[in-house]
Amino acid sequence: MTQQFSVNHPLLFILAGIAVAAVLAQSLVFLKKAWKRALELGYEKQKLKKIATAAAVFTIAPAIAIAIGVITLSGTLGLPLPWLRLSVVGAIVYELSAADAAASSLGTTLGSALTARQFSTIAWTMTVGIATGLILIPTFCKKTLNSVSNVGSKDKKWGELFVNAIFFGLIATFVGVGLCEVTVSSEGKVKALVLVISALVMCLCGFLRNKLKWKWLNDYALPICMVIAMASAIPLTSLFS
């Protein structure tokens with residue numbers, strides 16, 4: 001009998017676990033080398049412990065956002081693949097967009113059960129797509145960065161404007177994806193409203209940060225927005241279904 005494919009098959013957990021373990025081992029090796037080198041340069045152990053503790057605390061907020069991303073993708077892709085993608089190299093915005101694009105090209109959606117072929121295609125799309133950045137960034141971005149720096153050194157105002165324009169262009173691309181289906185389907189309406197809610201929550205976090213001097217919101221604004229936006233999608237889906 002042919003075994004039915006499962007996105008949470010134990011073998012996928014084993015393969016993902018091996019890759020994640022390799023990354024963790026690499027991190028520990030570099031941490032050990034950095035610690036040893038710092039001692040050779042004359043840094044005190046007590047000071048190094050404070051630096052390590054501060055760095056560990058600083059990673060909590062990004063870790064929350066990553067965990068939310070894994071949960072978001074696990075509904076369709078299972079736990080092993082999102083765990084692997086977001087633990088090695090990846091970001092929830094890219095992973096979700098790449099997976100959705102691959103699923104659409106296969107004539108399915110991320111909310112549907114996937115066959116082994118569909119799962120494999122989505123996984124390869126996510127992996128190969130982001131791997132190109134490892135080649136393009138060191139090859140071309142240095143020249144681009146130098147060009148931006150030259151503009152900024154000649155005219156600081158235009159340099160900041162140029163960088164902000166690039167950033168908002170990137171954001172506009174993802175916003176457009178969320179709004180393009182607002183008049184087509186109920187799902188599009190939910191996406192648009194969730195986008196608006198997350199934007200309002202981010203504005204509120206910025207207001208509280210500046211008004212009440214809550215500096216900790218700098219690190220936790222993103223996960224807070226993600227959690228509230230995801231929670232709002234539940235009643236909105238029921239409303240438009």
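## A tour that starts at Cys203

Select Cys203: at 55% relative accessibility, this residue counts as exposed. The model on your screen is predicted. Keep Cys203 in view and look for a partner sulfur. Which cysteine sulfur is closest to that of Cys203? The sulfur of Cys225 is, at 8.6 Å, and that is too far for a bond. A disulfide would need the two sulfur atoms within 2.5 Å.

Now move to Cys225. Its nearest cysteine sulfur is that of Cys205, 4.6 Å away, and Cys225 is in no disulfide. Is Cys225 buried or exposed? Cys225 has a relative accessible area of 4%, so this residue is buried. Cys203, by contrast, is exposed. For the structure as a whole, the disulfide count comes to 0.

### Step back to the whole protein

Zoom out and show the cartoon. How many helices and strands are there? The protein has 9 helices and 0 strands. Follow the chain from its start and the pattern reads α-α-α-α-α-α-α-α-α.

Turn the model to see its extent. The C-alpha atoms fill a box of roughly 65 × 50 × 40 Å along the principal axes. Switch on the surface. Its accessible area comes to about 16600 Å², and carbon and sulfur atoms account for 71% of that. Of the 241 residues, 22% are buried. Consider also the contacts between residues at least 6 apart in sequence: 55% of these join residues at least 24 apart.

### Along helix H1

Select residues 10-40, which are helix H1. Leu15 lies in this helix. Now add Leu11, Ile14 and Ile18 to Leu15: these four form a nonpolar patch on the surface. Together they have about 400 Å² of accessible area.

Go on to Ala22, also in H1. Ala22 is partly exposed, at 46% relative accessibility. Draw a distance line from the C-alpha of Ala22 to that of Val88. The two residues are 66 apart in sequence, and their C-alpha atoms are 9.6 Å apart in space.

Next, select Arg37 and Glu40. Their side chains meet in a salt bridge, with 3.2 Å from N to O. Why are they about one helical turn apart? Because Arg37 and Glu40 are 3 residues apart in helix H1. Check each partner on the surface. Arg37 is partly exposed, with a relative accessible area of 47%. Glu40 is exposed, at 52%.

### A second salt bridge

The whole structure holds 2 salt bridges. You have just seen the pair Arg37 and Glu40. For the other, select Glu95 and Arg85: their closest N and O atoms are 3.1 Å apart. Which helices does this pair link? Glu95 is in helix H5, and Arg85 is in helix H4, residues 80-88. The two residues are 10 apart and link distant parts of the chain. Both Glu95 and Arg85 are buried. As a general point, side chains of opposite charge can pair when their charged atoms come close.

### Into the largest core

Hide the surface and go inside. In soluble globular proteins, nonpolar side chains tend to be buried together. Here, the largest nonpolar core has 18 residues. Select Leu77, Leu81, Ala99, Ile122 and Met126, the members that touch the most others. Helices H3 (60-77), H5 (92-105) and H6 (116-154) each supply at least two residues of this core. Which helix gives the largest share? Helix H5 does, with 5 residues.

Centre the view on Ala99. Beyond its neighbours within four places in sequence, Ala99 is in contact with Leu77, Leu110, Ile122 and Met126. Another core, of 5 residues, lies apart from this one. Its members include Cys205, Leu217, Ala221 and Cys225. You met Cys225 earlier as a buried cysteine.

### Last stop: Gln118

Return to helix H6 and pick Gln118. Is Gln118 buried or exposed? With 16% relative accessibility, Gln118 counts as buried. Show what surrounds this side chain. Setting aside neighbours within four places in sequence, Gln118 is in contact with Leu106, Thr108 and Ala113.

How values were computed: Residues are numbered from 1 along each chain as its sequence is written. This is a predicted model: local features need pLDDT of at least 70, side-chain atom pairs count only at pLDDT 80 or more; totals for chains, interfaces and linings use all residues. Side-chain values use heavy atoms; hydrogens and water are left out. Patches are made of residues with over 30% relative accessible area and no salt bridge: like charges are joined within 9 Å, nonpolar side chains (Val, Leu, Ile, Met, Phe, Trp, Tyr) within 5 Å. Accessible areas come from the Shrake-Rupley method with a 1.4 Å probe; for residues, only the protein chains shown count as cover. Helices (H or I, at least four residues) and strands (E, at least two) are DSSP runs, numbered from the N terminus. A nonpolar core is a set of buried Ala, Val, Leu, Ile, Met, Phe, Trp, Tyr and Cys residues joined through side-chain atoms within 4.5 Å. Buried means under 20% relative accessible area, exposed over 50%, partly exposed in between (1.4 Å probe, protein chains only). Contact means heavy atoms within 4.5 Å.
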